[in-house]
Amino acid sequence: MDDAVITLYLNKARDWVVKNGMLLLMTVLFFIIGAQIIKVILKAITRAFERSNRLSKGVESFLLSFFRIVFFAVLFIMSAGIMGFPVTSLVTLLGTSGITIGLALQGSLSNMAGGVLILILKPFDAGDYIQEKATGQEGTVTAIDIFYTHLITFDNKEIVIPNGNLSNTTVINFTKLGERKVDVKVPVSYESNLENVKRVLLYIADNGLTYILKEAGSLAYVDELGESGIVVGLRYTVKAENYFPARWETIEKIKTEFDKNNISIPYNQLDVYIKNKT
């Protein structure tokens, strides 16, 4: 492109700015003011949700995301009208191009439909700890937007999962029932007295654990006969939010009590027998 053509385009752009500068300034100011008004409206809606306590956190975040998109879409169309664009023709064009737009945005539409299904069927809600089986991602749900669900992992990382994926795969909800069973398994040597081992495990459950729900009962059991030892387990119930600290505490208590009672925890070993052919 030579200098003459560039100069021509620059002159046209300058003439357009001179001719429509005031209108462009008004449109920009209108959009900025409108955006601030939308923020105020969304804050008011958020406060109304908080006062009512009738909707779940997931529904609230979904509706706020939906309102935000609708409000800004209306603001954009109104701004285009101020600039002199034929808004009616634009809306008509969007309507006649619906199939093409739908095909182009089928992933987003699938995510939006998935979000609606999640809110209707409620397999999980904000605050629940879930695991998505397709990829193994898990964490606490912080928000369910119109297209995505946000999780915070145990080590404080955010995971954003499309709603369409969550509505079409197996989701494990670890906190929906309010309580969880804790199973801690540990091997003991084959020389150990199993009755004594189980007695020590039940003693730990009755006297040494902070988070256990004693009214739900506890169970000490033999799980399997392993290659290097007998695998025993302790099962009890805790509040869902206490699962991890309860499990960590139990592992430490088992090691301490087993040492006190001379119960050996074996390690993998290989016994080699050499046959003398002489």
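Select E257 first: in this predicted model, its relative accessibility is 14%, so E257 counts as buried, the limit being under 20%. Next, add K260, which forms a salt bridge with E257, the closest N and O atoms lying 3.7 Å apart. Both residues belong to helix α8, three residues apart, or about one turn of the helix. Unlike E257, which is buried, K260 is exposed, with a relative accessible area of 59%.

Remain in helix α8 (residues 243-260) and select F244, then F154 in the loop between β3 (148-152) and β4 (158-162). These rings form a tilted aromatic pair, 4.8 Å centre to centre with 45° between the planes. The pair links distant parts of the chain, 90 residues apart. F154 is exposed at 54% relative accessibility, and F244 is partly exposed at 25%. Extend the selection to Y129, F174, Y243 and W248, which ring pairs link with F154 and F244 into a cluster. The structure holds seven aromatic pairs.

Proceed to the strands and select D183 and R235, whose side chains meet in a salt bridge of 2.9 Å, N to O. D183 lies in strand β6 (residues 179-188) and R235 in strand β8 (residues 230-239), so the pair ties together parts 52 residues apart in sequence. R235 is partly exposed, at 37%.

In helix α7 (residues 194-207), select E195 and K198, separated by about one helical turn. Their salt bridge has its closest N and O atoms 3.8 Å apart. The whole structure contains six salt bridges.

Finally, select K39, K43, R47 and R51, which gather in a patch of positive charge on the surface. R47 lies in helix α1 (residues 3-52) and is partly exposed, with a relative accessible area of 45%.

Note on methods
Residues are numbered from 1 along each chain as its sequence is written. This is a predicted model: local features need pLDDT of at least 70, side-chain atom pairs count only at pLDDT 80 or more; totals for chains, interfaces and linings use all residues. Side-chain values use heavy atoms; hydrogens and water are left out. Patches are made of residues with over 30% relative accessible area and no salt bridge: like charges are joined within 9 Å, nonpolar side chains (Val, Leu, Ile, Met, Phe, Trp, Tyr) within 5 Å. Accessible areas come from the Shrake-Rupley method with a 1.4 Å probe; for residues, only the protein chains shown count as cover. A salt bridge is a side-chain nitrogen of Lys or Arg within 4 Å of a carboxyl oxygen of Asp or Glu. Lys and Arg count as positive and Asp and Glu as negative; His and the chain ends are not counted. The place of a charge is taken as NZ of Lys, CZ of Arg, CG of Asp or CD of Glu. Helices (H or I, at least four residues) and strands (E, at least two) are DSSP runs, numbered from the N terminus. Buried means under 20% relative accessible area, exposed over 50%, partly exposed in between (1.4 Å probe, protein chains only). Rings of Phe, Tyr and Trp (its six-membered ring) pair if their centres lie within 6.5 Å; planes under 30 degrees apart count as stacked, over 60 as edge-to-face and the rest as tilted.
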